[in-house]
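Here is a short set of exercises to work through with the coordinates open. Try each task yourself before reading the solution below it.

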Amino acid sequence: MAVPKRRVSHSRSAMRRTHYKVALKRPVKDTDGSWKMPHMVNPNTGEYKN
């Protein structure tokens with residue numbers, strides 16, 4: 001079983017965690033040509049998924 005020889009410092013573990021980022025949602029073009037956020041109701045037509 002693998003056991004770490006030394007304790008990992010706070011800065012080292014923080015450096016490893018910098019790669020876990022949340023991607024921002026981007027607006028998509030709807031069927032009527034307007035832009036809306038994905039998985040949301042279209043504010044112009046009030047429709048969800050056509």
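The exercises below go from the whole chain to single residues, and the model they use is a predicted one.

**Exercise 1. The overall fold**

Task: Work out which pattern the protein chain follows along the sequence, and decide whether the chain is more spread out than a compact globule or not.

Solution:
- Start with the secondary structure: the protein chain holds one helix and two strands.
- Put in sequence order, these elements give α-β-β.
- Now compare sizes. The globule rule gives 10 Å for 50 residues, while the radius of gyration of the protein chain is 22 Å, well over that value, so the chain is more spread out than a compact globule.
- For the dimensions, take the principal axes: the C-alpha trace spans about 60 × 25 × 15 Å along them.

**Exercise 2. Surface and burial**

Task: Find what percentage of the residues of the protein chain count as buried, and how much of the accessible surface belongs to carbon and sulfur atoms.

Solution:
- Of the 50 residues, 12% count as buried.
- The accessible surface of the protein chain is about 5300 Å².
- Carbon and sulfur atoms account for 57% of that surface.

**Exercise 3. Two distances from the helix and beyond**

Task: Place S13 in the secondary structure, then find how far apart the C-alpha atoms of S13 and K25 are. Do likewise for M37 and M15.

Solution:
- S13 sits in helix 1, residues 10-17.
- The cut-off for buried is under 20% relative accessible area; S13 has 10% and therefore counts as buried.
- S13 and K25 are twelve residues apart along the chain, and their C-alpha atoms are separated by 27 Å.
- M37 belongs to the segment after strand 2, and its C-alpha is 32 Å from that of M15, with their positions 22 residues apart in sequence.
- M37 is partly exposed at 36% relative accessible area.
- Leaving aside neighbours within four places in sequence, M37 is in contact with K25, R26 and P27.

**Exercise 4. A buried pair of opposite charge**

Task: For K36, identify the nearest side chain of opposite charge and its distance. Then ask which side chain D30 joins through a polar contact.

Solution:
- Locate the two residues: K36 is in strand 2, and D30 is in the loop between strand 1 (28-29) and strand 2.
- K36 is buried, and the nearest side chain of opposite charge is D30, 5.0 Å away.
- A salt bridge needs the nitrogen and the carboxyl oxygen within 4 Å; K36 has no salt bridge, and D30, also buried, has none either.
- Look for other polar partners. The side chains of D30 and N42 are joined by a polar contact of 2.5 Å.
- On the lysine side, a polar atom of the K36 side chain lies 3.1 Å from the backbone oxygen of M40.
- Finally, list the contacts of K36, not counting residues up to four places away in sequence: P27, V28, D30, N42 and P43.

**Exercise 5. The segment after strand 2**

Task: Find the sign of phi at H39, and say whether H39 is buried or exposed. Then describe the surroundings of V41.

Solution:
- H39 lies in the segment after strand 2 (35-36).
- Recall the background: most residues other than glycine have a negative phi.
- H39 is not a glycine, yet its phi is positive, about 65°.
- With 63% relative accessibility, H39 counts as exposed.
- V41 is also placed in the segment after strand 2, and at 48% relative accessibility V41 counts as partly exposed.
- Apart from neighbours within four places in sequence, V41 is in contact with G46, E47 and Y48.
- V41 and K29 are twelve residues apart along the chain, with 12 Å between their C-alpha atoms.

Terms used
Residues are numbered from 1 along each chain as its sequence is written. This is a predicted model: local features need pLDDT of at least 70, side-chain atom pairs count only at pLDDT 80 or more; totals for chains, interfaces and linings use all residues. Side-chain values use heavy atoms; hydrogens and water are left out. Helices (H or I, at least four residues) and strands (E, at least two) are DSSP runs, numbered from the N terminus. The radius of gyration is taken over C-alpha atoms; the globule rule is 2.2 Å times the number of residues to the power 0.38. Buried means under 20% relative accessible area, exposed over 50%, partly exposed in between (1.4 Å probe, protein chains only). Accessible areas come from the Shrake-Rupley method with a 1.4 Å probe; for residues, only the protein chains shown count as cover. Lys and Arg count as positive and Asp and Glu as negative; His and the chain ends are not counted. A polar contact is a pair of N or O atoms within 3.5 Å; within protein, one must be able to donate a hydrogen and the other to accept it, and residues adjacent in sequence count only if both atoms are side-chain atoms. Contact means heavy atoms within 4.5 Å.
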